[in-house]
Amino acid sequence: TNGIKIAPSILSSDFSKLGEEVVAIDKAGADYVHIDVMDGQFVPNLTFGPPVIKCIRKCTNLMFDVHLMIDRPERYIEDFVKAGADIIVVHSESTIHLHRVIQQIKSFGVKAGVSLNPSTPEEVLKYIINDIDMVLVMSVNPGFGGQKFIPAVVEKIKAIKKMRADIDIEVDGGVTDETIKICVDAGANVFVAGSYVFSGDYKERINLLKLKAK
Ligand code: DX5
Ligand code: ZN
């Protein structure tokens with residue numbers, strides 16, 4: 001099936017040297033760069049947007065996995081494509097027209113993903129799951145790094161895997177060497193890790209995640 005991928009979240013990196021941090025996780029063996037965009041509306045925090053993404057695009061050829069935690073993301077899809085996103089993930093809760101925004105993302109030739117908050121059931125994926133490349137399962141409430149993994153999402157991962165066996169399932173929030181394996185066994189294959197990777201030696205931490213995923 002789909003190989004294990006590690007996507008360090010730059011939310012936990014040192015923003016004063018963001019370019020160097022991106023180069024460092026590339027060298028450390030990251031598969032994707034996970035980029036958390038927050039608007040202070042959909043989530044109670046603010047981060048960065050297309051201009052910052054465009055700047056770090058020069059630092060690496062890694063896939064940019066752009067996680068939009070913003071209201072009505074349809075307003076900004078083109079900006080994120082132009083900034084260098086390879087996959088754009090929107091929250092099902094952030095737009096009335098989920099199907100339309102997925103088609104919009106794909107019209108630019110980039111990959112489309114849909115994210116679900118911890119309380120959102122997988123049923124919302126029913127009529128769009130064949131249109132997307134990835135489902136992002138939030139295993140914490142979005143907005144902040146360093147929170148504790150919510151075990152109830154393991155059932156949701158299993159249910160999504162049943163809906164479509166070949167889809168990439170990404171887990172985001174509280175992923176560590178202790179929580180990764182239960183998610184792999186449930187059917188997930190892409191793992192966001194923010195505080196876990198950035199609070200230690202990046203290469204050691206990424207390798208340990210890959211080891212514990214086996
Ligand atoms: C939370 C973000 C996550 C966050 C994860 O809203 O979507 O990507 O950076 O951080 P950790 O791995 O520390 O839980
Ligand atoms: Zn994220």
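**Salt bridges, helix α1 and the zinc site**

Asp31 is partly exposed, with a relative accessible area of 23%. The model is a predicted one, and the values below are computed from its atoms. The partner of Asp31 in a salt bridge is Lys210, and the closest N and O atoms of this pair are 3.4 Å apart. Asp31 belongs to the loop between α1 and β2, whereas Lys210 is part of helix α8, so the contact ties together parts of the chain separated by 179 residues in sequence. Lys210 is likewise partly exposed, at a relative accessible area of 27%.

The structure contains six salt bridges, the Asp31–Lys210 pair being one of them. Another joins Asp86 to Arg57, with 3.0 Å between the closest N and O atoms. This pair also links distant parts of the chain, 29 residues apart: Asp86 is in the loop between α3 (77-83) and β4 (87-91), and Arg57 is in the loop between α2 and β3 (63-69). Asp86 is partly exposed at 27% relative accessibility, and Arg57 is partly exposed at 21%. A further salt bridge, between Lys158 and Glu155, has its closest N and O atoms 3.6 Å apart. Both residues lie in helix α5 (residues 153-163); they are three residues apart and therefore separated by about one helical turn. An α-helix has 3.6 residues a turn, so residues three or four places apart point the same way. Lys158 has a relative accessible area of 40% and is partly exposed, whereas Glu155, at 52%, is exposed.

Helix α1 (residues 18-27) precedes the loop that holds Asp31. The buried residues of α1 are Leu18, Glu21, Val22 and Ile25. These residues cover an arc of only 100° around the axis, and therefore lie on the same side of the helix. Exposed residues Glu20 and Lys27 are found on the face of α1 turned away from the buried side. The buried residues of α1 pack against two strands, β1 (5-8) and β2 (32-38), and against the helices α2 (50-56), α7 (195-198) and α8 (202-212). Helix α8 thus meets the buried residues of α1 and also supplies Lys210 to the salt bridge with Asp31. Just after α1, Gly29 adopts a positive phi of about 100°.

Strand β2, in contact with the buried residues of α1, also contributes to the metal site through His34. The zinc ion (ligand 2) is coordinated by His34 (NE2), Asp36 (OD), His67 (ND1) and Asp172 (OD), at 2.0 to 2.3 Å. Six donor atoms surround this ion and subtend angles of 70 to 170°, so the arrangement is octahedral. The donor residues follow the sequence spacing H-x1-D-x30-H-x104-D. Within this set, His34 in strand β2 and Asp172 in strand β7 (residues 168-172) link distant parts of the chain, 138 residues apart. His34 and Asp172 are both buried.

The structure holds zero disulfides. For Cys55, the nearest cysteine sulfur is that of Cys59, at 8.3 Å; a disulfide would require the two sulfur atoms to be within 2.5 Å. Cys55 is partly exposed, with a relative accessible area of 45%. Cys183, in contrast, has 0% relative accessibility and counts as buried.

Definitions and conventions. Residues are numbered from 1 along each chain as its sequence is written. Chains are lettered from A and ligands numbered from 1 in the order in which they are written. This is a predicted model: local features need pLDDT of at least 70, side-chain atom pairs count only at pLDDT 80 or more; totals for chains, interfaces and linings use all residues. Side-chain values use heavy atoms; hydrogens and water are left out. Buried means under 20% relative accessible area, exposed over 50%, partly exposed in between (1.4 Å probe, protein chains only). Helices (H or I, at least four residues) and strands (E, at least two) are DSSP runs, numbered from the N terminus. The arc is that of the directions from the helix axis to the C-beta atoms. Contact means heavy atoms within 4.5 Å. Donors are N, O and S atoms within 2.8 Å of the metal (3.2 Å for Na, K and Ca); water is not among the atoms, so sites may look incomplete. Four donors count as tetrahedral if all angles lie between 85 and 135 degrees; four count as square planar and six as octahedral if opposite donors are over 155 degrees apart and all others between 65 and 115; anything else is irregular. A salt bridge is a side-chain nitrogen of Lys or Arg within 4 Å of a carboxyl oxygen of Asp or Glu.
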